Each structure stands twice: as structure tokens, then as C-alpha cells.
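Work through the exercises below with the sequence and the model side by side, and try each task before reading its solution.

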Amino acid sequence: MGSYQLIREKKDARLRWDPQQGDVIVEGEGKNLSLSPRIEVITSDATSNNNDLELSFQKSPTSPLSTLPKSSGDHGGPHFRKSKSGGSARLLSLDIFRGITVALMIFVEYAGGIYPAINHSPWDGITLADFVMPFFLFIVGVSLALAYKNMPCRLTATGKAIHRALKLLILGLFLQGGYFHGVKNLTYGVDIERIRWMGILQRIAISFLLAAMCEIWLKGDNKVNSGQSLLKRYHQQWAMAIMVTALYLSLFYGLYVPDWEYQMPMDISSSEAKIFTVKCGVRGDSGPACNAVGMIDRKILGIQHLYERAIYGRSKECSVNSPNNGPLPLDAPSWCQAPFDPEGLLSSLMAIVTCFVGLHYGHIIVHFKDHKVRIQQWLVPSSCLVLLGVTCDCLGMHANKVLYSFSYMCITAGSAGFLFTAVYMMVDVWGYRHWTTILKWMGTNALLIYILVSCNILPVLLQGFYWRRPENNILTMIGVGPKK
């Protein structure tokens, strides 16, 4: 099948490319239309605001179809290239969604201490801050679906994905392993025996790698023209997501958690160290002390490698100023000062599932070009996820960010779907883009902003400039740094 060239003798004619049917539809009042070998499509990609295509017209040559040259990839369809007036291969709503997430991260980072209602929940329940991590994981999945829609070589793509994941892991260990001590401590460096192995960037790296491997190797080749055929094409990925979920639930509710001990302070060489014993001996407990998430981290990573300022230190049992940090109550339980990693091994399994949800939303972008169809295909799973999560929470499987519970995953992933759909409608459908400049910049520089702001790199750098004594720095002057 050759490509086609259109002779247009009536300027009012309008052509529209139907990507699902593979046809060029003629609209308008043009009547004298004839086909001979070539139609050139100026713009059509995942970011176009509709299915209308701009086409260039040339006078038809007298030579027959067989005399026109064909490219090696010519299959008789339109030839796609970018339009001068638009047509980027990148959905603007992706960057805007990521920018909103970065802005939310900065807001809760600095306002959370002032307004406890938006700070991370001490244990069960979801606050505004608890949506940040799932939103990042969700957009990782969406981006992967677009990045790997055309792969010249699976082995090359696999190598690049592994390399990228390793860079995130190493960066996470450096930034969150304990090397930087924060704005309250003018020292740096970390004892390898106490380095924190897990963290936010490490969790993103693990989720990214597994989702990328599935996107590269586990997908069918059947044509997608409906929601059912989309599920069929990626049924192996859905099977993997179900297996990961089943593994999390079986370990969380099936493992026996025995009694355990820890000492304060964590420095073993301290002569004043006090040993605390935590009584458990249960299965399926979702409380701070005796859950399987903490037990696995203590057994595999080692308690000395966990996050020392556990989130449950702000709970009513552990703080007289709850939901803020404060002194221990007189009847505080023994586990209040124990380390607990909010980005642990078992909880990262459900974080991976959030990436799979994002992959599905990205697949919808790849295979459906009509705005209405995309929105419908997004709203249905978003509604189902939120409804399922709320139902599970009401039945006793509480939404918990630290444990990354199944209900928490459902609610936050569904909420991410709703927000992404709203951003897509505003930016890519209705064209409200005048307010997006800053958010787009933040979205395209998300990692840099996270490193500077959330990892305290900017405050640590500012502390390097002082007057006579290290304590006399800019942060101290504005009331952020350590006091004299």
C-alpha cells in the first residue's frame, strides 16, 4: 500500500484522521476531491487537542502510484511529523501534575509543623501530606507507558532502566542515608554500621525498575480498540500487580511477629544505653509495635539501619503534644522511641502497585486519542479504586501511609487518577495554560527541587556561610538554624 497525495480544488474541505479506524474522513463542502499518492500529516500525536489533522497538499503528479518512492517503514498510512504551531511529543498535563505534586511537597514540608491537620498522619488515616508519595509513583508509571511505547531494542531499554534505577538508589543512599545531619546539626558524615538503607528515592527506584521491566517485557501485541482489549494486551502486567498485592497481604496478615528488643540511645558503645522490650506474639496486627512491616525491616535491614525518628512518635500514646512532637507521657508504651522506616521493604510492594496503576493510565494515553474516551477510561478505575479503598478502611483495613496499606494504595492512586484527569481537561482539552509556566518548570525539575528542599541540601549549603562562628549563619538569623 502506497501513501497518498490529495488534490484539493475546494478550499472549504476539511480532513480528519480517525486513528482507531485508520481512515481519512472528509468534512465540509469541498466536492471535487481526488486521490493520488500522498497525504502528509503535519501533526498527530499524544498531545494533540483533537483528532483533526493539518495536511499539506501538493498537485498530483501524472506518474502512477508504483513510481513513488517508499520508505522502509511505509505501510500506507499517514506520515507523522511535528507541526510548527504545536504538537509536542510530551503531554503538558504530565509536567503540570508533577509540578503540582512538587508544590504540594514543599507546602506540607514547611506548613505541616504549623498546621498539624495537613502534616503526615501519626499512624492510621490520610492527610494532605500523605498524597505526595503516591502521586510521584503514579506519574512515574504514566511516564513509563509513554517512554516505552516505541522500543527499537528491548535489551537496550532494559540496560538504560537498570542504569537509571541504580543512579536513584545511590543518590538516595547519599541524601537520605544519614550523611547530611540537617539544619539542627552542623556536622556531616554517617557511620556505615548505622546508615539508613531505605528512603524515598530508593523506593521510587525499586518501583520504577520493576514497572519498567514489566512495561518492556510483559505486554501483548493485539490491537487495542476498547477497554477490554486494552486489559487483554497488558494482562501479564495486571497479573504481576495482583501477585505483588497478594504477596503483601499474605505476608502482612500471615507472618507471626514475636517479641523484640531495642536500646536507647542506639549507639552500642554508650554506657547509659537502656534496653526496651516490646511484647507482641501476634499475627496480622496493624499497630505501630507489632506489624509485619517493621518486623521484616528489623530482621533483614537491621534495626540500626532504620529511620530513627518514627512517625508514631507524634501519636497520643507517645507525645503529650500530639499530633506534634513532644515529651513522652508518663504511661508511654515501650515502643515509642523505637526506630521504624516509613519506606520499608514490605510496604514498598504496594508502592510498586501504584506504579502499575499509573502504567494503565499511560496506556490509555497511548492507545486512545479521543479526549472523551480517555477521560471515561480514567474516571472509571479512579472511582473504583477510591470506593474499594474507602470500603476496606471501613471494614478494618485502615488506610495507613507508613504501612502503605492496601486501602491507602487504592484511595491515593484513585485520587491521583482524578487529579490527573482534571489537569488534563484544563490544560490539554480546554487549553487553560497561562497559569502553568511555574508548575511546568517545577515538574520538569522535580528531582532537583526535591534534593534542594526536601533533603535539606539548600539549608546545609546556606549554613556554610557564617560570621566568626558556625552558629552565626543565615538560617540562625531567620530562626531556622541551631541556636547559640
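**Exercise 1. Decide whether Tyr404 is buried or exposed, and describe its backbone and its ring partner.**

Solution. Tyr404 has a relative accessible area of 1%, so this residue counts as buried, where buried means under 20% relative accessible area and exposed over 50%, with partly exposed in between (1.4 Å probe, protein chains only). The next step is to place Tyr404 in the chain, and this residue belongs to the loop between helix H9 (371-394) and helix H10 (406-429); helices (H or I, at least four residues) and strands (E, at least two) are DSSP runs, numbered from the N terminus. Although Tyr404 is not a glycine, its phi is positive, at about 45°.

This is a predicted model, in which local features need pLDDT of at least 70 and side-chain atom pairs count only at pLDDT 80 or more, while totals for chains, interfaces and linings use all residues. Residues are numbered from 1 along each chain as its sequence is written, and side-chain values use heavy atoms, with hydrogens and water left out.

**Exercise 2. Find how many aromatic pairs the whole structure holds, and classify two of them.**

Solution. A search of the whole structure gives 18 aromatic pairs. Tyr248 and Phe252 have ring centres 5.7 Å apart and planes at 20°, so they are stacked; the rule is that rings of Phe, Tyr and Trp (its six-membered ring) pair if their centres lie within 6.5 Å, with planes under 30 degrees apart counted as stacked, over 60 as edge-to-face and the rest as tilted. Both residues lie in helix H6 (residues 235-254), 4 residues apart, which is about one turn of the helix. An α-helix has 3.6 residues a turn, so residues three or four places apart point the same way. Tyr248 and Phe252 are both buried.

The second pair is formed by Tyr404 and Tyr408, whose centres are 4.9 Å apart with 85° between the planes, an edge-to-face arrangement. Tyr408 is buried, as is Tyr404. Ring pairs also link a cluster made of Phe97, Phe131, Phe135, Phe138, Tyr361, Trp378, Phe420 and Tyr424.

**Exercise 3. Work out where Arg196 is found and which side chain it joins through a polar contact.**

Solution. Arg196 is in the loop between helix H3 (154-176) and helix H4 (200-217), and because its relative accessibility is 10%, it counts as buried. Its side chain makes a polar contact of 2.7 Å with that of Glu343, a polar contact being a pair of N or O atoms within 3.5 Å; within protein, one must be able to donate a hydrogen and the other to accept it, and residues adjacent in sequence count only if both atoms are side-chain atoms. Leaving aside neighbours within four places in sequence, the residues in contact with Arg196 (heavy atoms within 4.5 Å) include Leu173, His305, Tyr307 and Asp341.

**Exercise 4. Describe the span and the burial of helix H2.**

Solution. Helix H2 (residues 132-147) has 16 residues and reaches 23 Å from its first C-alpha to its last, close to the expected 22 Å, a figure obtained as 1.5 Å times one less than its number of residues. Of the 16 residues in H2, 14 are buried, so that the helix is mostly covered.

**Exercise 5. Identify the peptide bond from Ser322 to Pro323 as cis or trans, and locate Pro323.**

Solution. The bond from Ser322 to Pro323 is cis, with omega near 10°, and Pro323 is found in the loop between helix H7 (292-300) and helix H8 (347-367).
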